Amino acid sequence: MSEISTTDLKKLINELRIQGYSNKTIKVYTGHLRRFMEHNPEYNTYDEILVKKYILHLKENINCSNSYISQLIGSLKFWYIKIKHLPDFEFSIVHPRKEKKLPNVLSKKEIQSVISTIQNLKHKTIIMLTYSAGLRVSEVAQLKVSDINSQRGLIKVYQGKGKKDRVTLLSEKILDILRVYYKNYKPDYWLFPGAEPNRPITTRSIQNVFERACKKANINSKATVHALRHSFATHLLESGVDLRYIQELLGHASSKTTEIYTHVSSKEIAKIRNPLDDISF
């Protein structure tokens, strides 16, 4: 990579930090811009035709998803408008249609199987807490000891996705396990410190724990830690919790995001009588 492009990447990173973007978004946007630079040496000048040719290349030759392309467009839009000062109306690349995929949901029995395979107390506590509170993997990794409010039975999620604070459920069962965990590990600041005590556990470490547990439990679905969040929401819906409360617990800005769980609730689908059963043969 040329010295110029390295300098430009630093400009992008600094501006994203100034505007309060998350570390995850900064990493994603930087990666997209770097790859675009390598593909297009004339990246400093906005050219709609060249950008579309690059997108077409990603779609046809690498089979990139619409969500990947949408991230790329977000990165380039930020680059050209915020860094290169292109007038907003001149950036004419539109985001592709969002792919509608049903969330991967595990049954309660599958979650029980996954958790029962984990012997390490810290790892078991992390996975149980993630499911019981409907947390994103980044949120559980960033939890502090002070975020657990045992008296009110709540967990404070500080600056989750979209830079929003919220509260979510603290189950009595996980509180008991947290007390055992605290007695054994004595965390000081971070609830789940990483290899370095002054830093939290990494999201990759949590993913690894979950993936190993799924393998041991013979869960064949391509489940990630995020499936625990999906499962939490679906199981609440199936138990009769109002969708508006689930929206608040998950921290969704729009109810439409939460409504996807109505499509995966097997309990509600099972209530529907099949028309074939009304036909005599």
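These are my notebook entries on what I looked up in this structure.

**Entry 1: the overall picture**

I started by reminding myself that this is a predicted model. I then went through the secondary structure, and the protein comes to 13 helices and 3 strands. Next I asked how much of the protein is buried: buried residues make up 41% of its 281 residues. I also looked up the accessible surface, which comes to about 17500 Å². Carbon and sulfur atoms account for 52% of that surface. Last for this entry, I checked how far along the chain the contacts reach. Taking contacts between residues at least 6 apart in sequence, I found that 61% join residues at least 24 apart.

**Entry 2: the nonpolar cores**

Which residues touch the most other members of the largest nonpolar core? I found Leu129, Phe192, Ile206 and Phe210, out of 48 residues in that core. I wanted to know which elements feed this core, and I noted that helices α5 (108-116), α6 (121-133) and α7 (137-141) each supply at least two residues. The strand β2 (154-160) does so too, as do α8 (172-185), α9 (203-216), α10 (226-238) and α11 (243-250). There is also a second, separate core of 27 residues, and I jotted down Leu16, Leu33, Val51 and Cys64 as being among its members.

**Entry 3: two residues of the 203-216 stretch**

I picked phenylalanine 210 for a closer look at its contacts. Leaving aside neighbours within four places in sequence, phenylalanine 210 is in contact with Leu106, Val114, Ile127, Ala223, Thr224, Val225 and Leu228.

Then I turned to valine 209, which has its place in helix α9. Is valine 209 buried or exposed? Its relative accessible area is 8%, so I wrote it down as buried. With neighbours within four places again left aside, valine 209 is in contact with Ile118, His123 and Ile127. I followed up on histidine 123: it sits 86 residues from valine 209 along the chain, yet their C-alpha atoms are separated by 6.8 Å.

**Entry 4: aromatic rings**

My search of the whole structure turned up 9 aromatic pairs. I opened the pair of tyrosine 46 and tyrosine 80, whose ring centres are 5.2 Å apart. Why is this pair edge-to-face? The planes stand at 65 degrees, and edge-to-face needs over 60. I then placed the two rings: tyrosine 46 lies in the loop between α2 (23-39) and α3 (48-61), while tyrosine 80 is in helix α4 (residues 66-83). The pair therefore ties together parts that are 34 residues apart in sequence. Both tyrosine 46 and tyrosine 80 are buried. I also logged one aromatic cluster, formed by Tyr21, Tyr29 and Phe78.

**Entry 5: charged pairs**

How many salt bridges does a search of the whole structure find? I got 9. Here are the ones I opened.

- Glutamate 48 forms a salt bridge with lysine 52, with the closest N and O atoms 2.9 Å apart. The two are 4 residues apart in helix α3, so about one helical turn separates them. Glutamate 48 is partly exposed at 31% relative accessible area, and lysine 52 is partly exposed at 43%.
- Arginine 204 forms a salt bridge with glutamate 211, and the closest N and O atoms are 2.9 Å apart. Arginine 204 has a relative accessible area of 44%, so I listed it as partly exposed. Glutamate 211 also counts as partly exposed, at 38%.
- Lysine 144 forms a salt bridge with aspartate 147, with 3.8 Å between the closest N and O atoms. I noted lysine 144 as buried, and aspartate 147 as well.
- Arg136, Glu139 and Arg166 are linked in a network of salt bridges.

**Entry 6: cysteines**

I searched the whole structure for disulfides and found 0. I still looked up two cysteines. Cysteine 64 is buried, with a relative accessible area of 11%, and cysteine 214 counts as buried at 5%.

**Entry 7: a loop valine**

To finish, I looked at valine 94, which lies in the loop between α4 and α5. Where does its accessibility put it? At 65%, valine 94 counts as exposed, because the cut-off for exposed is over 50%. Serine 70 is 24 residues away from valine 94 in sequence, and I noted 8.5 Å between the two in space, C-alpha to C-alpha.

Technical notes: Residues are numbered from 1 along each chain as its sequence is written. This is a predicted model: local features need pLDDT of at least 70, side-chain atom pairs count only at pLDDT 80 or more; totals for chains, interfaces and linings use all residues. Side-chain values use heavy atoms; hydrogens and water are left out. A nonpolar core is a set of buried Ala, Val, Leu, Ile, Met, Phe, Trp, Tyr and Cys residues joined through side-chain atoms within 4.5 Å. Buried means under 20% relative accessible area, exposed over 50%, partly exposed in between (1.4 Å probe, protein chains only). Contact means heavy atoms within 4.5 Å. Rings of Phe, Tyr and Trp (its six-membered ring) pair if their centres lie within 6.5 Å; planes under 30 degrees apart count as stacked, over 60 as edge-to-face and the rest as tilted. Accessible areas come from the Shrake-Rupley method with a 1.4 Å probe; for residues, only the protein chains shown count as cover. A salt bridge is a side-chain nitrogen of Lys or Arg within 4 Å of a carboxyl oxygen of Asp or Glu. A disulfide is a pair of cysteine sulfur atoms within 2.5 Å.
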